[in-house]
Amino acid sequence: MKEKQNTSNRRNEILSAAIEVFAQEGYYRATTMKVANKAEISQPYIFRFFSSKELLLEDALKLSWSRIHAAFAQVIESASAENLEKELIQAYEIIMRNNENEILLQMQAQTIRESNIVTLMQEEFLKIQTTVYNAFKTAGVSTPSEKTLLFLARGMLCNISLSLNLPKLMEIDD
């Protein structure tokens, strides 16, 4: 059991390092050697867990998306209909604040043209869209499709604001 736990911990450490390296360097400039250095392990050790850099990226992305899915599920389970949108926004803001590299990684992944990465990003965005739409619809929000579109658009603007360190994009002064 302890060996399995150590293996799981090591895998998670590699994923954390990969998220940071990919987010800061970009996927194409990042190397498994840079990830290994960040994780303080040997490069060959990465390949015990991930057979390629691309599969490492896939798992890093899946981890980052799972955090958003879990946070949204928790809000949907507990929020009142009146506070649903506000609490979803707050949950995403917490993720952005605490996991900035994951958001930057997702943004970069939107420009990667490898078919498996495109498919993964499409699937994850559609899951979020469906989750938010169903939550709004169940909560009785009027025009749930439009609310979902605006919610996702606001999230993307938040991402741009974060990546450019331009909080002014998010200011509302009226």
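This passage describes the fold, the enclosed and open spaces, and three buried residues of a predicted model.

The chain of the predicted model contains eight helices and zero strands, and its elements, read from the N terminus, accordingly follow the order α-α-α-α-α-α-α-α. Along the principal axes, the C-alpha atoms occupy a box of roughly 55 × 40 × 30 Å. Of the 174 residues in the chain, 37% are buried, and the accessible surface amounts to about 10,300 Å², with carbon and sulfur atoms contributing 52% of that area. Among contacts with a separation of 6 or more, 64% join residues that lie 24 or more positions apart. As for charge, the chain carries 19 positive and 22 negative side chains, and a distance of 5 Å lies between the centres of the two sets.

The interior of the model was examined for enclosed space, and the count came to one cavity of 30 Å³ or more. The volume of the largest cavity is about 220 Å³, and its lining comprises 15 residues, of which Tyr92, Phe151, Leu152, Gly155 and Met156 are the closest to the centre. At least two lining residues are supplied by each of four helices, namely H4 (53–78), H5 (84–98), H7 (115–138) and H8 (144–163). Helix H8 makes the greatest contribution to the lining of this cavity, with seven residues.

Open space was considered in turn, and the largest pocket was found to hold about 240 Å³. The residues that line the largest pocket include Glu93, Met96, Arg97 and Glu100, together with Arg154, Cys158, Ser161 and Leu162; Asn165, Leu166, Pro167 and Met170 also belong to the lining. Helices H5 and H8 each provide at least two residues of this lining, and the largest share, four residues, is again that of H8. Helix H8 is thus the leading contributor to the lining of the largest cavity and to that of the largest pocket.

Three individual residues were then examined, beginning with one in helix H8. Asparagine 159 is located in this helix and has a relative accessibility of 4%, so it counts as buried, the limit being under 20%. Beyond residues up to four places away in sequence, asparagine 159 is in contact with Tyr92, Met96, Ile103 and Met107. Of these partners, Tyr92 is also among the residues closest to the centre of the largest cavity, while Met96 is also one of the residues lining the largest pocket.

The other two residues belong to helix H6, which spans residues 100–109 and includes alanine 109 as well as glutamine 106. Glutamine 106 is buried because its relative accessible area is 4%, which falls under the 20% limit. When residues up to four places away in sequence are set aside, glutamine 106 touches Leu61, Ser64, Trp65, Ile68 and Met121. Between glutamine 106 and isoleucine 95, which are eleven residues apart in sequence, the C-alpha to C-alpha distance is 13 Å.

Alanine 109 likewise counts as buried, since its relative accessible area is 2% and therefore under 20%. With residues up to four places away in sequence again left out, alanine 109 touches Leu61, Ile117 and Met121; Leu61 and Met121 are also touched by glutamine 106. The C-alpha atom of alanine 109 is separated by 9.4 Å from that of alanine 23, although the two residues are 86 residues apart along the chain.

How values were computed
Residues numbered from 1 in each chain as written. Predicted model: local features only at pLDDT ≥ 70, side-chain atom pairs only at ≥ 80, totals over all residues. Heavy atoms only, no water. Buried < 20%, exposed > 50% of the residue type's maximum accessible area, 1.4 Å probe, protein only. Contact = heavy atoms within 4.5 Å. Areas by Shrake-Rupley, 256 points an atom, 1.4 Å probe, with all protein chains shown as cover. Lys, Arg positive; Asp, Glu negative; His and termini not counted. Charge placed at Lys NZ, Arg CZ, Asp CG, Glu CD. 1 Å grid on protein atoms, 1.4 Å probe; cavity = no way out; pocket = protein on both sides within 12 Å on 5 of 7 lines; lining within 4 Å. Points joined across faces, edges and corners; volume = space filled by probe spheres on them.
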